[in-house]
Protein chains: 2
Amino acid sequence: MQSYTEENYLKIIYHLSVISNPVQTNAIAERIQTKAASVTDMLKKLADKALVDYTKYQGVNLTQKGKLAAINIVRRHRLWEVFLVEKLNFKWDEVHDVAEELEHIKSNLLVERLNEFLDFPKVDPHGDPIPDKDGNFESLGFVKINQLKDNESGTIMGVSEHSTAFLKHLEKLGLILGKTIKLIEISAFDSSAELLVDQQYINISKELAKHILIKKLV
Amino acid sequence: MQSYTEENYLKIIYHLSVISNPVQTNAIAERIQTKAASVTDMLKKLADKALVDYTKYQGVNLTQKGKLAAINIVRRHRLWEVFLVEKLNFKWDEVHDVAEELEHIKSNLLVERLNEFLDFPKVDPHGDPIPDKDGNFESLGFVKINQLKDNESGTIMGVSEHSTAFLKHLEKLGLILGKTIKLIEISAFDSSAELLVDQQYINISKELAKHILIKKLV
DNA sequence: TTTATAATTTAGACAAATCTAAAAATTAAA
DNA sequence: TTTAATTTTTAGATTTGTCTAAATTATAAA
Ligand SMILES: [Mn+2]
Ligand SMILES: [Mn+2]
Ligand SMILES: [Mn+2]
Ligand SMILES: [Mn+2]
């Protein structure tokens, strides 16, 4: 079994390894709000436990064992987020911090019963896929708004940023999961995106656009 | 805010102070599965935080502040137990350990929403009262089976022991919450109790009887 | 290819919570 | 009321996770 802290490291390494491989010490330090020296210490410990492959100065990769452990934490995090939104009426921008704590509760029975109680959800409130017990989940293959071509339409399926500020802002613009949008054009000046949403034209920054995941209409 | 560990100490001290006042170092050590020396260290820390009144060699009492904190943890513990039984179909002997972890999740919003979701329960699955937000709850004034007089009847309202072995045993005997029983007599030989339950006569040990809480029939 | 910059690791220290062994205080027994 | 037993506290160490400052290694620039 891993400690609360070890679990957090594993999860962060997992998320970062989607972006870069291997994962660098500083990247972890920044995400986990700690110093690089602390990260190094922990990487050695995780390597001792065979949860990561670690080579000095070269960064880390999760081992199969580490990856499974990480995905399991992600599974619990996302199931709890569904619970908070669906059952306790949390808003999608209120769930993350609480889920950060709930994800560490150690009880397989609890997770399986929760999954059943929630009727086996496939995605969390931010559109992220929920892995099954064995760590498998479909990669959903969405594209970001700023990757659409002019005049392409699609449905908002998820977000790649979980901060309250971001999520509240999205909601205010009516850009919630399930909404269909059409990209009119990307500005040549500031890369902002002009969208058609609910028969209205709105303009959103690239910062915003790049965190909104779209399923293209066929 | 208190740490996970501090919260556990506060809760144990609270439960023990019902039995004896002040609470002794060894009693805490036994309950918390640690050594007396560790308890002494923690008592000093809790005293520094004004959560307990502590005099060397004399034991501790909770301060008002400490008592409120303790009751709040008890409140969360019992609400989560209700959730596990009512919503996730846990049995009453399966909930305690998970609730021990869940009670430490820090979010007032979570607790209040959970309370609402559970429809403001007054007692937990073991019949223990759930304090309100301000720490108030009715003392329910139940008596233990071995305190009944011969031929007195009553309803099982709770238990004062939470171990799986105890609860499973009770259930096998049909002694669940809400059941009405009649005490026929206490044996002069071994203090065991003869009961009438469901038109059947059964005999239970004093060990069992003293942990079953009864509301007398008027 | 040397030099400068950035990233990473070591060394040494610290706080929280725990432990063992020994000392001190309290309580019970003689 | 002195002695013995019990309870509690101190002293000193250990583990986990963290930190700062200094030393290494790797990478980018000249
Ligand atoms: Mn989240
Ligand atoms: Mn999420
Ligand atoms: Mn319990
Ligand atoms: Mn209970």
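I will go through the two DNA strands, then the manganese sites, then the strands of the protein. Keep in mind that this is a predicted model.

Start with DNA strand C. There are 21 residues around DNA strand C, and the closest are Lys44(A), Tyr54(A), Ser3(B), Thr34(B) and Lys45(B). Which part of the DNA faces the protein? Sugar and phosphate make up 79% of the atoms of DNA strand C that come within 4 Å of the protein.

Some individual contacts on that strand. From chain A, a polar side-chain atom of Thr40(A) sits 2.8 Å from a phosphate oxygen of DNA strand C. Lys56(A) also goes to the backbone of the DNA, with a side-chain N or O atom 2.7 Å from a phosphate oxygen. Asp41(B) goes to a base: an N or O atom in the side chain of Asp41(B) is 3.5 Å from a base oxygen of DNA strand C. As for the elements behind this surface, those giving two or more residues are helix H2 (25–32) and helix H3 (36–48) of chain A, and helix H1 (4–19) and helix H3 (36–48) of chain B. Which element gives the largest share of the surface near DNA strand C? That is H3(B), with 5 residues. By class, the surface near DNA strand C splits into 8 nonpolar, 8 polar and 5 charged residues.

Now DNA strand D. Here 21 residues surround the strand, and Ser3(A), Thr34(A), Lys45(A), Lys44(B) and Tyr54(B) come nearest. Of the atoms of DNA strand D within 4 Å of the protein, 79% are sugar or phosphate, and bases supply the rest.

On the contacts, Ser3(A) has a side-chain N or O atom 2.6 Å from a phosphate oxygen of DNA strand D. For Tyr9(A), the distance from a side-chain N or O atom to a phosphate oxygen of DNA strand D is 3.3 Å. Tyr57(A) points to a base instead, with a polar side-chain atom 3.2 Å from a base oxygen of DNA strand D. The elements with two or more residues at this surface are helix H1 (4–19) and H3 of chain A, together with helix H2 (25–32) and H3 of chain B. H3(A) gives the largest share of the surface near DNA strand D, 5 residues. The classes here are 8 nonpolar, 8 polar and 5 charged.

On to the metals, beginning in chain A. What coordinates the manganese ion (ligand 2)? The donors are Glu81(A) through OE, Asp124(A) through OD and His126(A) through ND1, at 2.1 to 2.3 Å. Along the sequence these donors are spaced E-x42-D-x1-H. Glu81(A) also coordinates the manganese ion (ligand 1), which is 3.4 Å from the manganese ion (ligand 2). Are the other two donors buried or exposed? Asp124(A) counts as buried because its relative accessibility is 3%. His126(A) is buried as well, at 0% relative accessibility.

In chain B, the manganese ion (ligand 3) has as protein donors His77(B) by NE2, Glu81(B) by OE and His96(B) by ND1, lying 2.0 to 2.2 Å from the ion. Their spacing along the chain is H-x3-E-x14-H. The manganese ion (ligand 3) lies 3.4 Å from the manganese ion (ligand 4), and Glu81(B) coordinates both. Glu81(B) is in helix H4 (residues 64–86) of chain B and His96(B) in helix H5 (residues 96–102) of chain B, 15 residues apart, so this pair links distant parts of the chain. Glu81(B) has 0% relative accessibility and counts as buried, whereas His96(B) is partly exposed at 23% relative accessible area.Last, the strands. Chain A has an open sheet of 6 strands, ordered E3-E8-E4-E5-E6-E7, with antiparallel pairing. Which strands are at the edges? They are strand E3 (143–144) and strand E7 (200–204) of chain A, each pairing on one side only. Strand E6 (residues 193–197) of chain A is joined to E7(A) by 5 bridges in the antiparallel sense. Within that pair, Ala193(A) has Ile204(A) as its bridge partner in E7(A).

In chain B, strand E1 (residues 52–55) and strand E2 (residues 59–62) run antiparallel, joined by 4 bridges. Asp53(B) is opposite Asn61(B) in E2(B). E1(B) and E2(B) form a hairpin with 3 residues between them, and Tyr57(B) in the turn has a positive phi of about 70 degrees.

Methods: Residues are numbered from 1 along each chain as its sequence is written. Chains are lettered from A and ligands numbered from 1 in the order in which they are written. This is a predicted model: local features need pLDDT of at least 70, side-chain atom pairs count only at pLDDT 80 or more; totals for chains, interfaces and linings use all residues. Side-chain values use heavy atoms; hydrogens and water are left out. A residue is near a molecule or strand if one of its heavy atoms lies within 4 Å of it. A polar contact is a pair of N or O atoms within 3.5 Å; within protein, one must be able to donate a hydrogen and the other to accept it, and residues adjacent in sequence count only if both atoms are side-chain atoms. Ala, Val, Leu, Ile, Met, Phe, Trp, Tyr, Cys and Pro count as nonpolar, Asp, Glu, Lys and Arg as charged, and the others, Gly among them, as polar. Donors are N, O and S atoms within 2.8 Å of the metal (3.2 Å for Na, K and Ca); water is not among the atoms, so sites may look incomplete. Buried means under 20% relative accessible area, exposed over 50%, partly exposed in between (1.4 Å probe, protein chains only). Two strands pair if DSSP finds at least two bridges between them.
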